[in-house]
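User: Please take a close look at the ligand sites here. Then set them in the context of the chain contacts.

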Amino acid sequence: MSAELTETTRAGRLANWNVAIIAITVIVLIIAAASVDSFGTGQNFGFLVLDLLPIALVALPMTLVIVTGEIDLSVASTLGLSSAVMGYLWNANQPIETIIPICLLLGAVLGAVNGFFVTVLGLPSLAVTIGTLALYRGLAFVVLGDGAVADFPAVYTDWVTGTIGSTPIPNVLIVIVVLAAVFGVVLHATPIGRAVFAVGAGEQAARFAGIRPGRLKFWLYVASGVIAGLAGVLWTLRYSSARADNGAGLELAVVAAVLLGGVSIFGGKGALPGVIAGVVLLGSLQNALRLSDVSNEALNVVTGVLLIASVLGPNLLKRRT
Amino acid sequence: GTTKSSTEGQQSKAPENTAGKADPNAPLKEGLKIAYLPKQLNNPYTDVEVGGGKVAVEEIKGTYKLVGPNDASASSQVSYINTLIQQQQNVIVVAANDPNAVCPSLNQARKAGIKVVTFDSDASKTCRDAFINQATTQGIGESLVKMASELAGGSGEIAVLSATPNATNQNSWIEVMKTELAKPENAKLKLVKIAYGNDDDQKSFTEAQGLLQTYPNLKVIVSPTTVGIAAASRYVSSSSYKGKVAITGLGLPNQMRQYVKDGTVKKFALWNPADIGYLAAYAGAAMSSGQITGAEGEKFKAGKLGEYTVGADGEIVLGPPTEFTAENIDKFDF
Amino acid sequence: MAALLRVRGVSKSFGAVAAVRDVSFDLYGGEAHALVGENGAGKSTIVKMLAGVHRPDAGTLELDGTALALTGPADAKAAGIAVIYQEPTLFPDLSVAENIAMGRQPLGRFNTIDRAAMVAQAARLFTRLGVSIDPNRPARGLSIADQQLVEIAKALSVDARVVVMDEPTAALTGVEVERLFAVARSLRDDGAALLFISHRFEEITALCERVTIMRDGKHVSTDLLADTSVDEMVRRMVGRDLDALFPKQDVEPGATVLRIQGLTRDPVFKDISFEVKAGEIVALAGLVGSGRSEVVQSIFGVDPRDAGTVEVLGKTLKPKNPKQAMAAGVALVPEDRRQQGLVMELSIERNVTLPRSRSLSQLGFLTGNSERRSAKEWTERLKTKYGRLSDEVGTLSGGNQQKVVLAKWLATGPRVLIVDEPTRGIDVGTKAEVHRLMSSLAAEGVAVLMVSSELPEVLGMADRVLVMREGRLVAELSRAEATEESVMFAATGQEATV
Amino acid sequence: MTAVELPAPRRNTLGVVLRARELGIVIALGLLVAVTAISNPRFLSGQSIRDILLNTAILAVLAVGQAVVVITRNIDLSVGSVLGLSAFTVGTLLQNNPGTPVVLALLVGAAVGGVCGVLNGVLVRYGRIPALVVTLGTLYVVRGVTYFWAGGSQINADELPQGFLDFGNATLLGVPYLVLISLLVLVVTAVVLRNYRTGRELYAMGSSPQAAQLAGILVGRRTVGAFLVSGALAGVAGVLFAARFGTIDAAAGTGLELNVVAAVVVGGVAVFGGSGTVWGAALGALLLTTIGSALAVLEINQFWQQAIVGGLILLAIGADRLVAVRVAAGLKKRGSHVS
Ligand SMILES: Nc1ncnc2c1ncn2[C@@H]1O[C@H](COP(=O)(O)OP(=O)(O)OP(=O)(O)O)[C@@H](O)[C@H]1O
Ligand SMILES: Nc1ncnc2c1ncn2[C@@H]1O[C@H](COP(=O)(O)OP(=O)(O)OP(=O)(O)O)[C@@H](O)[C@H]1O
Ligand SMILES: [Mg+2]
Ligand SMILES: [Mg+2]
């Protein structure tokens, strides 16, 4: 009996994908640093962070949204529309100091539209955000056409691509760390976080406990929109190019990273450290494989396999007990 | 605040040219690492281009490398440039998906001593050392109008099926076409529409459909992009418009052979894409070896293609395009 | 007579929980056999093994003397075992007729489904059950009672030799139960074996001939009902003697705590007005579907209302605002434990502290410690049985789940406690504890409003009984006036037949 | 017990209301065509209609397969990648064996897709992984495999046998083969889903997975079956794609999955399973394709196209919701009463 018990608890711990994914990420980082030339350089670290910046940012609110049992596939299009509007306003000779808040506000509005359809009208979020995915991207093209706007002020673009002082730590890492900390604390150590989990695991019961699932989800969509808007601004500044097609297809990568991080697509389960690990794992694998001249195709396969394995692995472990 | 006009002219400057003075007699270095970064991999036209590059790199005993994204997005190229910097390549030969988005990275590469040669689609002048131009913009624009006029019999409606609306090359050719069409001898030709197929086969196909539906009197579709011309030809060859509407533009002989043979296409033009990649390798090697710096008037030898002179703004022009017809098409295989 | 179905030494464990251990009993054709036991005793697990849902870890099932290896529910069906599960298992998007016929739809040309025959079959079954449900309507939106009736029709449709009913009556009222029993008896008389699970002894004695008792997953005894008494059964189930049920102490009612005036929500209920005083237990009685749950949900604010006011200690509550109701001291233990009472996938501790996460936080932050401490305290107070506080609440048995719901709400320190079917699906032992708890809360000055479909519970616990019929409050009976007859008369509008 | 008088079984009025959902698409389609045709009569020319139907054919086949999966409360995001793999496989096959009959090509495509579908189904069912996760994974994997295999190569029209290319355009009594094939797929699937036990079981599974298990439905087999159908149809669509467009590379069908899901959603198939028809899905595909063509003809800036499609999806699910709320309100009033 006691042997049986310890075995189940050990399996339970292993089955905790959140821990596993962090361990895997650390191992991959160590192996990559040891075996791939120039993976461990400071400059490469900077590139790596810049590459995973948009996914890392958007994955934060996405985690909360998915934990409530919903999804937001429109994030990449929100990013694109934010970028397009940024370009449009810049071309219209607006000061960048006004443009950036406008883009964040725009993100909030776009998120609120999603939130309205999902919570007020009660429509399934998968369908709604596939709709707004097309709608927002379309609007981005309406705003900016197929053109690109460049020449953003060097002070801003240099900050986004630059590092802290003479350290190899990129400035944008501050943004990621601060936001990750905020979302992590909110999800795991506040009443809001408790409500997020409760709504995801049993919406009706949450309502009977005095939580307003609609309101909660609405604000999560707004948060998702704001962060996607911010990601659009940073994207534009990083490449110094505002385009309507910026970030196209990013939504699937973000969802993949979040799921890889151990969040259940059905809601109610997941943790932010795992998601961060998922983002870092995907980003560093991509970086290391590219440095080793392994083609993009391999990365596609690796991403897909990892994604499936991330759910299959714990399931198999659980089943064996 | 900081607006576009207040920052005009204060963009981050290109790094000072560190190569110093050109020495035309310096020998070509061996073992140069030359990497090709096309707009996207798995595009037949690009494959031919970089194929030529591979030949040249082998001729000069360098190390050839081909990397690139599967989608033609501006941002995905940046990660590859960063990787090439890490790998300490000597020359990066790149076709920019967005002239500005790649700039910061290319300049970072140049700071690290890497020579940057653009081909196919130029990056902003401040962030590359040389640009291999397939033909002069003027030459191509004129040639396209000439072919269209012949096919239309000197008068009637014509339409353009281009790549993306911000494709640098296509747009400059279309500009020249417009100037040409404004001339009195082309007064009877009417350009009714510029459609964009985004260099996507299916989209170009659908756009060609749309053109023919909307403009019943259309005589010629001019498609200055290999994807567009192939898609338009395929659509027309299988539709009731075959024989009524002529297709011309820039295309690859192998892709177009069928439509030239079945009469859908009478003539089209192109330079030899393999030569572009070939020339880029030599230009990059010459720069990396110190033979040239990219300044106007410098000369260098490009293997079987002979001697080239660097033009204004570091442009190196390959030569005039070739016209393909049913008579000569079988002589080409690319 | 040879046994029709033999259960021989079956065991089943879920992880570390041994739900059923070495249980054996026989079912004979033509008998109705009761299976009783406390919550979590393993009854439903036995049912699921008979249904082919779970495969026994050890032991065998025998039908007509031959071993029965069930690899899935389809096998059980093929073997003539029909099961009514504890939870309704309908397909909300499909028509009622199709729900009944699923998997055995009558076929016509080219093996296509003969819809007319299918609808006719459903109509016949409903006639037999004496209910009128449109066979063509989708199952979505059926009330719990109607859902249960469709389940019963489903089981009838197979012409089964063994019919297993896991608490089929939990959501039914007297009339419907009687109707069900009539059908069950006719099945039994045709030679089928009936396995009947219920926590209501009056039903067991009314229907069954023999009874098997389980405790902690183990078989305790199988006897003729005629040979045992209810007290004896209860003792065997809980393993000890029980105090009397329904121990409501007399408390002098205090000031009015809850005042409802003209509460209306078309078309579910209309113009409901009543008061509950401190120390009072007021029962809201009525037939299933009379609108009681909707009234209390509207009071608590999870459901909207069209008109009327709700006052708690003189403070008027806004509609649709459970948070404000909670702040004012209202707590609602809802009727549907799995959907409304608990977040099944969350841990016990999170469930217990969910309504209080704000007050348990320090400067808005939660570390988990205060929640764990509070959850431990309250689950211990209610004698909840569980492995660890971090276990998912869904792994507990029904009764223990109900205790978690109670703990969750009692911990909020309510001034008004509304309980909706507080003892539905709960074993006698736990039931007594719940009653004692309600009574002592009342003694502490809490105003208790209790919705219950169980008349003995209503009569035993309530100081006053309010009766609802078709969405209207039709009677208010004092403790002295309230009898089975008077309540049923008010609820049905006619002389009771039970 | 006294005999009860049952109300005469009513005509299935609810079904009629629900079917109005598809009626809505038909009306929208009619309006769109009318407006477009008035502004440019050539929109109704034979060639134009043929083009729209041809373009719809491929999307419709995919949408039918997707609808089958969605009805079981799953989703298949890998269809675009599977289409690409199938198209490339069949293209290579035809390149090397120009004599291959079209029917064989279709079968090969279906088989390739079917294998992918079974893989999806097995992972979903026996790996207990949500379909969204599995098919998002195989979306990447299958596309990666195709890239590995194809590299930069492209199969051009001139490398494909003329017979096969003709098949992409040829007609029978004026109706293109591609359209006939998609109609056949549609009718067969619709009949199976509506009139056969297997089909009803798919609805049951989507409506309540636990109940389906308890009802003895072979959920595993049916789940794998649904993915098999979706995969095989994506494979068939790949062959149609190859025949229609003649140019195939590793990127064929990239990003198509969202269009397919959009068509299904617009067509009134609930993303949570259990309801909707393949007719609706096919109509959704037709509507989306027609919008694309109409915008080109109406000379509406093509940049608006995507935005309009997005708006339409929102409109469609919104309308769906409205109908559902009405129906639910009607149902509540019709509870039973013991007589
Ligand atoms: N799927 C499962 N996974 C884990 N534990 C389970 C599962 N099903 C039942 N159990 C556990 O097995 C034990 C027996 O449960 P079961 O549902 O058979 O009880 P029961 O006698 O039907 O109780 P009730 O009267 O409350 O319905 C309980 O401790 C329960 O928590
Ligand atoms: N889930 C549901 N879907 C649709 N209608 C429902 C549902 N639950 C209840 N109703 C309807 O609402 C009305 C009131 O139901 P309510 O549940 O409040 O009654 P109740 O007296 O509390 O009965 P119960 O004991 O079943 O809870 C009835 O007409 C019933 O049919
Ligand atoms: Mg039970
Ligand atoms: Mg109730």
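Analyst: The ligand sites come first, then the chain interfaces, then one loop residue.

This is a predicted model: local features need pLDDT of at least 70, side-chain atom pairs count only at pLDDT 80 or more, and totals for chains, interfaces and linings use all residues. Residues are numbered from 1 along each chain as its sequence is written, chains are lettered from A and ligands numbered from 1 in the order in which they are written, and side-chain values use heavy atoms, with hydrogens and water left out.

Start with ligand 2. It is surrounded by 16 residues; a residue is near a molecule or strand if one of its heavy atoms lies within 4 Å of it. The closest are C:Gly289, C:Arg292, C:Ser293, C:Glu294 and C:Glu335. Chains C and D both supply residues around ligand 2, so the site is shared between chains. Helix H9 of chain C, residues 292-300, gives the most to this shell, with three residues. Helices (H or I, at least four residues) and strands (E, at least two) are DSSP runs, numbered from the N terminus.

By class, the shell around ligand 2 holds three nonpolar, seven polar and six charged residues. Here Ala, Val, Leu, Ile, Met, Phe, Trp, Tyr, Cys and Pro count as nonpolar, Asp, Glu, Lys and Arg as charged, and the others, Gly among them, as polar.

Now the polar contacts. A polar contact is a pair of N or O atoms within 3.5 Å; within protein, one must be able to donate a hydrogen and the other to accept it, and residues adjacent in sequence count only if both atoms are side-chain atoms. C:Ser290 places a backbone N or O atom 3.1 Å from an oxygen atom of ligand 2. For C:Gly291, a backbone N or O atom also lies 3.1 Å from an oxygen atom of ligand 2. C:Glu421 uses its side chain: a polar atom there lies 3.4 Å from an oxygen atom of ligand 2. Taken alone, ligand 2 exposes 610 Å², and the protein buries 78% of that. Accessible areas come from the Shrake-Rupley method with a 1.4 Å probe; for residues, only the protein chains shown count as cover.

Ligand 1 is next. The shell here has 19 residues, with C:Asn39, C:Gly40, C:Ser44, C:Thr45 and C:Thr395 the closest. A polar side-chain atom of C:Ser44 lies 2.6 Å from an oxygen atom of ligand 1. Backbone atoms take part as well. A polar one of C:Lys43 is 2.8 Å from an oxygen atom of ligand 1, and one of C:Ala41 is 3.2 Å from an oxygen atom of the ligand. On its own, ligand 1 has 630 Å² of accessible area, and the protein covers 78% of it.

In chain C, strand S2 (17-27), helix H1 (43-50) and helix H15 (398-410) are the elements that give two or more residues to the shell around ligand 1. H1(C) gives the most, with three. The shell divides into five nonpolar, eleven polar and three charged residues.

Turn to the chain contacts. Between chains B and A, 34 residues of chain B are in contact with 34 residues of chain A, contact meaning heavy atoms within 4.5 Å. About 2,800 Å² is buried between them, 46% of it on carbon and sulfur atoms. Buried area is the accessible area (1.4 Å probe) that two parts lose on being put together, summed over both. There are 15 residue pairs in polar contact between chain B and chain A, both at pLDDT 80 or more. H3(B) gives the most to the side of chain B that touches chain A, with nine residues. That side divides into nine nonpolar, 22 polar and three charged residues.

Two salt bridges cross the interface of chain B and chain A; a salt bridge is a side-chain nitrogen of Lys or Arg within 4 Å of a carboxyl oxygen of Asp or Glu. A:Arg243 pairs with B:Asp98 in a salt bridge, with the closest N and O atoms 2.7 Å apart. A:Arg243 lies in strand S2 (residues 242-243) of chain A and B:Asp98 in the loop between strand S3 (91-94) and helix H4 (103-111) of chain B, so the pair joins two chains.

Chains A and D have zero salt bridges between them. Their buried area is about 3,500 Å², with 82% from carbon and sulfur atoms. One residue pair is in polar contact there, both at pLDDT 80 or more.

Last, the loop residue. B:Gly319 lies between strand S13 (315-317) and strand S14 (322-325) of chain B. B:Gly319 touches B:Gln134 and B:Ala135, not counting residues up to four places away in sequence.
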